[in-house]
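The following exercises concern strand pairing and ligand contacts. Each task is followed by a solution in steps.

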Amino acid sequence: MNHFYKFESKEIGQELLELATLYKANPTLHSSKGKGKRIGCIFLNPSLRTRVSTQIAAQQLGMEAIVLNMDKEGWALEMKDGALMNGSTVEHIKDAAGVLGSYFDILALRAFPTLTQKEEDISDFVFHQFVNYSGIPVISLESAIRHPLQSLADQLTIQELAQKEKKPKVVLTWGPHIKAIPHAVANSFAEWTLGMGHDLTICHPEGYELDPIFTPGALITTNQEEALEKADFVYVKNWSSYKDYGKILTTDSTWMLTEAHLKNAPQAKIMHCLPVRRNVEISDELLDGPRSLVQQQALNRIFAAQAVLSKLLP
Ligand code: CP
């Protein structure tokens, strides 16, 4: 594993889950492994969990973490090769990533999609420009199309709660939102859940089909009631349309998950990556009740990041 930005294999997924479980039980198990090493966490977009959990994970391995809010504190970056830089961009990614690559041992990058330039987004252009020009391992802290550290934490959460003797029914349901939201969390959750061998049902309104490269083998439906029946884990997430790229096609509030939606799913636990729009995506009652795993997911972000960093460290 030279970089970490997608699901690689079930074997690597299992190895990372085992490592994350070890670190959860004993966070300082390898507290000297990263001694003398530095990680640069570059944010082109806001974050709470990803930023702090990655810093804590690095500290627990003895690494120094330096955070740069590039969107607010750095120079405006030109990402395109061969650009004539006589506009608003000040520094080319070739130069900036080259410098960062000489300062750090590992880079980590958050770079959201444009939601307007579909081809650029689905090629994960910005993430790969950092890979191309930094020359060091790069971890995705959420890219245009994937959020793998979130997904590893989510798989850890499912593993912790799943009953040993029963294959869990995992459901990814679209939830309403007032803004156009990226596909990264939904894509990655599907990619990792299917990759780790779980059955996955995905439900969403018409027109919200995800990029099919992330959903091979999933049962896909527009009937939320049927999808939720006998669910064990219900992951709620909004995403904008992929087909009608980046558009909001509906904000139908009947899709908001409430206790009434789970009348035929008595065992169902609910998941969300946070931040969540309360009483828009999910009701307060569910988020504050015993079904909710959202705090456990957020805590597991630390150990997911720690496992990935540990694997990338020499
Ligand atoms: N779930 C998640 O990535 O949260 P942040 O955007 O706050 O990092």
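**Exercise 1.** Identify the bridge partner of Ile-42 in β5, and describe how the two strands concerned are joined.

*Solution.* Step 1: In this predicted model, Ile-42 has Leu-109 as its bridge partner in β5. Step 2: Ile-42 falls in strand β1, which spans residues 38-43, and its partner strand β5 covers residues 106-110. Step 3: β1 and β5 run parallel and are joined by five bridges. The criterion for pairing is at least two bridges between the strands, so β1 and β5 count as paired.

**Exercise 2.** Place β1 and β5 within their sheet, and determine which strands lie at its edges.

*Solution.* Step 1: The sheet is open and contains four strands in the order β2-β1-β5-β6, with parallel pairing. Step 2: β2 (64-69) and β6 (138-140) each pair on one side only, and they are the edge strands. Step 3: On average, neighbouring strands of this sheet are turned by 20 degrees against each other, direction ignored.

**Exercise 3.** Which strands of this sheet does helix α11 touch, and what angle does its direction make with that of β6?

*Solution.* Step 1: Helix α11, formed by residues 294-312, packs on the sheet and touches β1, β5 and β6. Step 2: The direction of α11 makes about 160 degrees with that of β6.

**Exercise 4.** Name residues around the ligand, and state which polar side-chain atoms approach its oxygen and nitrogen atoms.

*Solution.* Step 1: The residues around the ligand are Ser-47, Leu-48, Arg-49, Thr-50, Arg-110, His-147, Gln-150, Cys-273, Leu-274 and Arg-301. Step 2: Arg-110 places a polar side-chain atom 2.8 Å from a ligand oxygen atom. For His-147, an N or O atom of the side chain is 2.8 Å from an oxygen atom of the ligand. Gln-150 has a polar side-chain atom 3.0 Å from a ligand nitrogen atom. Step 3: On its own, the ligand has 250 Å² of accessible area, of which the protein covers 93%.

**Exercise 5.** Describe the five-stranded sheet, and find the bridge partner of Tyr-235 in β11.

*Solution.* Step 1: This open sheet has the strand order β9-β8-β7-β10-β11, with parallel pairing. Step 2: Its edge strands, each pairing on one side only, are β9 (219-221) and β11 (269-271). Step 3: The twist from one strand to the next averages 20 degrees. Step 4: Strand β10 (residues 233-237) runs parallel to β11, and three bridges join them. Step 5: The partner of Tyr-235 in β11 is Met-271.

How values were computed. Residues are numbered from 1 along each chain as its sequence is written. This is a predicted model: local features need pLDDT of at least 70, side-chain atom pairs count only at pLDDT 80 or more; totals for chains, interfaces and linings use all residues. Side-chain values use heavy atoms; hydrogens and water are left out. Axes are lines fitted to C-alpha atoms, for helices over the stretch in contact, and angles run from 0 to 180 degrees between N-to-C directions. Contact means heavy atoms within 4.5 Å. A residue is near a molecule or strand if one of its heavy atoms lies within 4 Å of it. A polar contact is a pair of N or O atoms within 3.5 Å; within protein, one must be able to donate a hydrogen and the other to accept it, and residues adjacent in sequence count only if both atoms are side-chain atoms. Accessible areas come from the Shrake-Rupley method with a 1.4 Å probe; for residues, only the protein chains shown count as cover.
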